[in-house]
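This report looks at one protein chain, beginning with a single helix and its surroundings and then turning to the chain as a whole.

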Amino acid sequence: MGSINIQKQIEQLFKKKVEKDPNIHNAYLLVHSEKLHADIRLAAGNDAIHPEQPYYIASVSKLFTAVLFGQLVEQDRCSYDDPISRYIQADVLENLHIYKGKDYTNEIKIKHLLNHTSGLHDFLEDKPLHGKSMIEQILENPEKKWTPIGVLNWAKEHMNAHFPPEKGFHYSDTGYHLLGLILENITNMPYHEQLKRHIFDPLGMVHSHFIRMEPLEKNPFDIAKLSVRHTDITHYQSMSFVFAGGGIVSTTSDLFKFLKALVHHQLIKKATMDQMKSDPGKFTLGIDYGYGVMNIKTVPIFMPAKLNSWGNAGSTGSFMFYHPETETYLIGTFNHFGYGSKGIRFMLQLIDKLQKTHKKQQHP
């Protein structure tokens with residue numbers, strides 16, 4: 001009876017959230033907990049077709065990139081403390097990190113890119129020194145094709161670094177572009193092929209792919225429409241600007257396979273995941289950002305212990321978290337650019353409802 005009740009509560013909360021917000025055209029949600037006997041898979045919104053519809057997972061992709069690095073570290077093919085200059089050509093790094101007239105590029109380590117403590121700019125959300133922002137260019141030049149190097153060169157020309165490496169936290173998609181290049185240089189394999197060979201194929205994630213590549217097995221449903229400022233950019237060529245920090249298309253069920261594999265240490269060892277969580281930057285109050293993984297931690301009054309969970313989230317309102325106390329997987333998206341904080345807040349609301357159900361089961 002409890003599982004039926006919580007399913008109805010979550011479904012009502014989710015649909016009410018979507019119906020009240022005219023910006024949300026399609027949204028998807030998966031909540032699974034064997035401990036609470038709950039398995040909820042939903043789609044809502046006028047443009048939503050089915051709970052198994054694929055969508056851009058945005059910065060949830062960063063955890064996939066971090067896992068690929070975890071695998072390489074376990075194989076002794078690189079170290080988190082390696083300088084990025086060991087793996088990236090000098091011309092790409094030229095004038096990358098200039099702060100107050102000093103070049104700090106050679107001090108940047110792989111770990112600084114993973115936990116956003118490099119001090120580098122964010123080409124996607126930082127305001128450029130001159131000219132139009134990346135978002136404006138995506139909208140105004142939909143046929144433009146971007147390469148990772150092209151994006152980096154644009155960022156170097158239009159943005160400044162924020163602080164020396166390890167002297168603060170600044171979320172940086174620029175850093176994850178560099179991580180994608182490092183992965184390719186270490187393995188001599190394209191980033192998308194690494195995803196397929198080391199994550200998608202072993203886990204049977206047949207409806208997941210990198211956006212520059214056609215999915216190998218067609219999902220029966222079209223990719224969900226992604227909106228930026230009320231504009232559908234789903235099939236814009238300019239979406240090629242994304243890379244190792246946000247370029248994956250997937251479904252809630254495929255992401256469930258990925259997150260479950262991490263929880264059960266099937267892709268990387270427990271010690272590796274613990275290390276990824278143990279060296280974080282401070283994303284915001286109550287949320288640390290380790291090596292590609294957000295860790296929601298207790299902060300008295302502001303963030304109670306019952307909300308402790310880990311995973312990742314994206315600027316489109318995408319989220320993928322595991323809540324250890326209730327053994328619950330929470331995966332979904334509101335699929336609208338600029339909804340990052342709303343996705344996280346909604347996920348925390350879900351945890352709160354699940355906790356109340358858990359307590360009732362313990363003390364009926």
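## Helix α10 and its cover

In this predicted model, helix α10 runs over residues 270-278, and Thr272, Met273 and Met276 are buried within this helix. When α10 is viewed down its axis, the buried residues fall within an arc of 95°, so they line one face of the helix. On the other side of α10, by contrast, Ala271 and Ser278 are exposed.

Which elements cover the buried residues of α10? Among them are two helices, α2 (61-74) and α9 (252-263), together with the strand β13 (309-313).

## Helix α6 and its cover

Helix α6 spans residues 148-158, and its buried residues are Pro148, Val151, Leu152, Trp154, Ala155, Lys156 and His158, a list in which the charged side chain of Lys156 appears alongside Trp154 and Leu152. The cover over the buried residues of α6 includes the helices α3 (90-93), α5 (134-140) and α7 (173-187).

## Alanine 90

Helix α3, which contributes to the cover of α6, contains alanine 90. Is this alanine buried or exposed? Alanine 90 has a relative accessible area of 63%, and because the cut-off for an exposed residue is over 50%, alanine 90 counts as exposed. The C-alpha atom of alanine 90 is separated by 27 Å from that of serine 59, and these two residues are 31 apart along the chain.

## The chain as a whole

The secondary structure of the chain consists of eleven helices and 15 strands. For a chain of 364 residues, a compact globule would be expected to have a radius of gyration near 21 Å, and the 20 Å computed for this chain agrees with that expectation. The C-alpha trace, taken along its principal axes, spans about 65 × 40 × 40 Å.

Of the 364 residues in the chain, 58% are buried. When contacts between residues at least 6 apart in sequence are considered, 69% of them join residues that are at least 24 apart.

## Surface and charge

The accessible surface of the chain comes to about 15,600 Å², and carbon and sulfur atoms account for 50% of that area. The chain carries 40 positive and 38 negative charges, and the mean positions of these two sets lie 6 Å apart.

Methods. Residues are numbered from 1 along each chain as its sequence is written. This is a predicted model: local features need pLDDT of at least 70, side-chain atom pairs count only at pLDDT 80 or more; totals for chains, interfaces and linings use all residues. Side-chain values use heavy atoms; hydrogens and water are left out. Helices (H or I, at least four residues) and strands (E, at least two) are DSSP runs, numbered from the N terminus. The radius of gyration is taken over C-alpha atoms; the globule rule is 2.2 Å times the number of residues to the power 0.38. Buried means under 20% relative accessible area, exposed over 50%, partly exposed in between (1.4 Å probe, protein chains only). Contact means heavy atoms within 4.5 Å. Accessible areas come from the Shrake-Rupley method with a 1.4 Å probe; for residues, only the protein chains shown count as cover. The place of a charge is taken as NZ of Lys, CZ of Arg, CG of Asp or CD of Glu. The arc is that of the directions from the helix axis to the C-beta atoms.
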